[in-house]
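Reader: I would like to look closely at a single part of this protein, and to understand how that part is set among its surroundings. Please take it slowly, and explain each term when it comes up.

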Amino acid sequence: MNALPVVTAVDGSEHSVKALEWALAAARERGAELVVTHVRTDYVTQVPLHGDLPVIPLPEPDESPVLKEMSALLDGRTDLPPVRMVSVDGNVPSAVTALGDEAQLLVVGSRGRGGFASLLLGSVSRACAARAACPVVVVPHAARTEPVRLPDGVPPVVLGLEPEETGDAVLEFAFAEAARKGARLDVVTTYTVPLSTLTLVGPYVAAAGDDDRPQIEADLREAQQQRLEPFVAQRPDVEVTRTVAPADAAGQLVAASRTAGLLVVGRHRRRLSPDAFLVGSAANAVLLHAHCPVAVVP
C-alpha cells in the first residue's frame, strides 16, 4: 500500500469543496490519509522608500479561517478517512504544485475563489496538471458537470490511449482506479483522417482517397491490443472495452466524459523547459471541457 497521503488544496470556494469531497472518497478507497491544505496569502505588505520591508505577521496555522470552515463541514461525519489539516504560506500555484512532491495523488478544483468566473480552468489547476510530481485530479465546477445517468452500475473510468506514446504509469493508474471503484475501463484510441471526411455533427463519412482507412484502423487496433495485454493480465478483475475511432482525440474523450466517473490522460512528454505549462493538446482540451473529473498522470 502506498504510504503517501492524498492531498487536496482548499480556499473555501465551492470548487475546492467539491474537490475536497472527491479527495475524501479517493483517500477512503486507497486506505490513505487525506491532507487538506490551505495556502495563506492574506498578509499585508507596505513598501517604504527606504529601509526594510515590514510584513504584518500571518496568523498561526490553527487559526486559518478556511480550515476551520472545512473542519466544520466535516464535523460529525462517520465516513471519513484519517484527515489532517495543514496551512502553508506562499504563492498559491507554486505552493499547491509542490504538495505533489509528497503525495500519491493531488486533487484540486478547476477554479479557485479568486478566479474570474469566465475562466474554465484556473491558474492553480493548470500549474498542477503541468508540473506536479504525482498524478493530479482536476474536479470540474458544477456548471460543467452533468448528472451521470446509467441504468445500473458504476460510471466507467475512461482512458485516452496512444499506443506508442502513453506511458506505463498512465495505464497502471487507470487500471488501478477502475479496480478500486469496481468500474469498467473504457479505452479510447483515435486516429486522424483527412479533414473532408469528418463532419461536425453525425457519423464518419467516407470520402475519396479513403481506401487506406481499414488497414490503418486494423493496425491501430492491434497496437492497442498489444499495449493493453500485460495490464489486462495483471488486472483480470477489470472489465475493459476498447474503442478505435477516426476522430479528434479531445472531442471523443470529452464526449465520453459525459457518462464517465473519471477520465485519465497522460501528461505531454515533450517539454520546452521545466517551467513550460504543457500537458498536450488533448489533455489541455479535456481539462477545459470534460464533464467529469480528469486525472493527468506524469
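Reader: How many helices and strands does the secondary structure of the protein chain come to? And could you then take me through strand β1, and which residues of β1 are buried?

Author: The model is predicted, so local features need a pLDDT of at least 70 and side-chain atom pairs count only at pLDDT 80 or more, whereas totals for chains, interfaces and linings use all residues. Residues are numbered from 1 along each chain as its sequence is written, and side-chain values use heavy atoms, with hydrogens and water left out.

The protein chain has eight helices and 10 strands, where helices (H or I, at least four residues) and strands (E, at least two) are DSSP runs numbered from the N terminus. Of its 298 residues, 43% are buried, a word that stands for under 20% relative accessible area, with exposed being over 50% and partly exposed in between (1.4 Å probe, protein chains only). Among contacts (heavy atoms within 4.5 Å) with a separation of 6 or more, 77% are between residues 24 or more positions apart.

Strand β1 covers residues 6-9, and both of its faces are covered, since Val6 and Thr8 on one side and Val7 and Ala9 on the other are all buried. Two strands pair if DSSP finds at least two bridges between them. Strand β1 is joined to β2 by four bridges, the two running parallel, and Val7 stands opposite Val35 of β2. With strand β4 (residues 105-109), β1 pairs in the parallel sense over three bridges, and here Val6 has Leu105 as its bridge partner.

The strands β1 and β2 also belong, with α1, to a right-handed β-α-β unit; a crossover is right-handed if, with the strands pointing away from the viewer, the path from the first strand over the helix to the second runs clockwise.

Two residues outside β1 show its surroundings from either side. Thr37, which lies in strand β2 (residues 34-40), is buried with a relative accessible area of 2%. Apart from residues up to four places away in sequence, Thr37 touches Val7, Thr8, Ala9, Val10, Leu67, Val86, Val88 and Leu99. Val107 is in contact with Val6, Val7, Thr8 and Ala9, and also with Ala19, Trp22, Ala23, Val137 and Val139, again leaving aside neighbours within four places in sequence.

Val107 brings us to the nonpolar cores, each a set of buried Ala, Val, Leu, Ile, Met, Phe, Trp, Tyr and Cys residues joined through side-chain atoms within 4.5 Å. In the largest nonpolar core, which has 40 residues, Val107, Leu159, Leu185 and Val264 touch the most other members. Helix α1 (residues 14-30) gives the most to this core, with seven residues. Apart from this core lies another, of 30 residues, among them Val108, Ala129, Ala283 and Val294.

For contrast with the strands, consider helix α5 (residues 168-181), whose 14 residues reach 20 Å from the first C-alpha to the last, close to the 20 Å expected at 1.5 Å a residue, the expected span being 1.5 Å times one less than the number of residues. The buried residues in α5 include Phe173, Phe175 and Ala178, and α5 is followed by Gly182, whose phi is positive, near 65°.
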